[in-house]
Amino acid sequence: MTTRPRTLGTPRLEARTFAVGVTAASSHPSGLADLANDAASGHPGQRMTVGRLAATGVYSTHWIPTEVPRWLRVEALFTSSAVTTANGVTLKLQVDDGSFTVVYTDPEIPAGLQGDVPHISFYSTSTPSRLGAGQRVTWLLDIDALVAAGLSLSAAVWRFQWSAVVTSPGEVELITVDEVPRFVVDSAESFGQLPGSYLPRGIVADGTPAGLQRLWATVRTGLMLGLRTYHSTVRPEADAWLCTSTSFVSFGGSDEESAGVPAKHRVRPRAMRPGVDTRVKYLIRYKLAGAVALDTATVRLTTGAGNYDVTLTDVSGAWAESAFTTAYLLAGAEDTIEWKALVSNGASTLHVIARPVFDYPEA
Amino acid sequence: MSTITTAGTWIRLPTASGADDRARADQPGDAALFQILASNATLACRENELRPLWERGPGEVWADCEVTDDERTFLWSGLPSAGVLAHWAGIHRVRLYGEQQRPPRVVLAARGAVSSVSYTLGIILLVMPAFGDPDPRTATRAVARRALTTVGDMTATVELTAEALGLRAIAPPATGSPPAVDETGRMTEVSIYIGAWCTSNSSGAKATLGALTVYLEEPS
C-alpha cells in the first residue's frame, strides 16, 4: 500500500490546451491526475439527517457503504426548550449491515455516542440564544475500524440506529452525518492517482495499480460512488408514519402539506446527463402490525417522472428493511418527492420510520 | 476570454479495466481521450458538490417577528409550541465551483400558505462561516414571503461570497499499526439556519408550512 496526502482543490484543465493528434498525451498529466482524484473523493455527498427531537426515541438512518470516504463526520446540536442548563440528552449509536452489528459499547463507537454522558445545552439567562448556546459536538466515525470490527463494505446498506434518551427540557436540535472528503490517495483502493506517477519531464508510470490504468477508473468513481442522499426524513419507532387504508393515501398530518395532500419535498437532481431523468433508489424501514400471511403493504414514491411502488411482505411484526426500489427524478433544475401508502388488509397497520432516497447512477 | 473545461454531460467510455478500456496498458493515449477524462472529472466535481443538505417535514407557524414582518428581528430562540420555526440546518462543506471558482448558492426550498390574505408567511435562510448565535445583522441571508391561501413554492436563495465561508480543519487520529498517513486536511464550510414566521401572530390563524429542503446549486 502506498499513500500520499492531498489537499482539496479542483484543477482547471481547459479543453483547448490538450494537444491535438493521435499520439499526444495530456499537456499536463499531473493536473489531470489531481482532477481525477478530486472527482473521485473530493466531493462525497451522502448524508444522514435526524431532525429535532424533543422526546426519547429510537431512530434509523441509512448509508450506502462505499470505499470513497475514510471517515464519517457526525455533528449534533443539543439544545433546551427552557432557559436552564439542567437535564440533557444521552445518545447511543449502533451500526449494522444486515448480518453484523457494532453495538454502542464497542470501541469503534466514540465516547459520547455510547450513552455514557448527558449532552447538556448552555442555554441560560446569561447566554440567551437557544441555538447559539446549544452544545455542538463533533465525532468522527472510522470506517476502516468499523469494517475491521465486522461490518462489510459489500453490504447493500448500513443502518445507523440512534437511541436518544431525552430528559426535558433537553432536546436534540439536529444530528447530521456526512462523508469527509479524502485527504490522501491510497494505492490499496480501487481508485486514486498517486502524484509520484506523474513526475515533471518524466514518463507517466505505468502498470497496475499506478498511472494511466487507474485514470478512467478513478474518474468513473466520481460518477458511480459520488452518491448523494436526496431524502432522509425519519420518525421514531414509537411514533411512526402509519397507514391503514386499502387505497393510496398520504401518511397523515406530519407528512401532509394540507389535509390528504402529501408533502412535496423539493430536490435538485444530479444532472450528470442533462435532459435525461436521474436514476435513484429508495428503501423503506417498516413493520406490518396485525397482518397475517399473504398480507402486504405498498409504499409509493411519486416524483415528476412517475410513481414507483415497493411491496412490503414481512408480516412478522418486526422492523425490517425493504429491498431497494428503482425510481427516477425528472430531468431539470428541480423535482419533488412525495409519499403515499396502502395495505392489502385494512385490519393491519403499516408503520414506516425511514425512507431514504439515494443516487443510483447509470454506468 | 471564456474557457471550456467540461462538455457539461457525462461521456461514456468502455468499462475501466475491461478489454476495451481506452486507458489500458500499452494503449496509445490520444488527446480526445484525455479531453473526455478531464471533462467527465470536472463535471463530477461540480455536480457531486451540489447536494441536498437538510430537510424537515411540514408544520404550522403563527408567531410574528419582534417587529412585524421584519426578518432582522426574527425570534431565533422560539419554539414550535409557540408558533415559531427556527432550526439549525447543520454545518456543511462548500467548495468553489466552476471556471470562476465561485461558491455555490444555498437554497431553501419550501411550500406554504397563509390562512388569510391579510397575513404574510415568511421564511429566512441565514448562512454564517461558523457555528454560533444566528445574527441576521451580520450574516448572509435571504428571505421569501407568501400571502396566498393556496399552498405554493417559496424559495430563498443565498449567493455565497468567499467571506461567507469558514475554514475547518479535520484531524482524525492516525490509526493502524504502524499508523497510517494521517487523513488530515482543511475544507471550507458554512453553518446554516432556517426560520419561518407568520404576521397573523395568532394561533387562531396558522400558516401552513410544507416540507423544507436545503440544497446547494450552481452560482448564478
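These are my notebook entries on chains A and B of a predicted model.

**Ground rules.** I number residues from 1 along each chain as its sequence is written, and chains are lettered from A and ligands numbered from 1 in the order in which they are written. Since the model is predicted, I hold local features to pLDDT of at least 70 and side-chain atom pairs to pLDDT 80 or more, while totals for chains, interfaces and linings use all residues.

**Domains of chain A.** I looked up the division of chain A and found domain 1 (3-43 + 183-224), domain 2 (47-179) and domain 3 (231-359); such bounds come from an automatic or database domain assignment. I then checked domains 1 and 2 of chain A, whose C-alpha centres lie 36 Å apart.

**A:Leu77.** I picked this residue next and placed A:Leu77 in strand S4 (residues 71-80) of chain A. Helices (H or I, at least four residues) and strands (E, at least two) are DSSP runs, numbered from the N terminus. Is A:Leu77 buried or exposed? I count A:Leu77 as buried because 24 other C-beta atoms lie within 10 Å. The cut-offs, with C-beta atoms placed from the backbone, are 20 or more others within 10 Å for buried, 12 or fewer for exposed, and partly exposed in between.

Setting aside neighbours within four places in sequence, I find A:Leu77 in contact with A:Gly134, A:Arg136, A:Glu173, A:Leu174 and, over in chain B, B:Trp88. Contact here has C-beta atoms, placed from the backbone, within 7 Å. I also tried A:Val184, which is 107 residues from A:Leu77 in sequence and 29 Å away in space, C-alpha to C-alpha.

**Chain B on its own.** I see one helix and ten strands in chain B, and the helix comes at the start of the pattern, α-β-β-β-β-β-β-β-β-β-β. The radius of gyration of chain B is 23 Å, well over the 17 Å from the globule rule for 220 residues, so chain B is more spread out than a compact globule. (That radius is taken over C-alpha atoms, and the rule is 2.2 Å times the number of residues to the power 0.38.) Along the principal axes, the C-alpha atoms of chain B fill a box of roughly 75 × 45 × 35 Å. Of its 220 residues, 50% count as buried.

**Where the chains meet.** How many residues does each chain bring? I get 74 from chain B and 85 from chain A. On the side of chain B that touches chain A, H1(B) gives the largest share, 15 residues.

Note on methods
Two residues are in contact if their C-beta atoms, placed from the backbone, lie within 7 Å.
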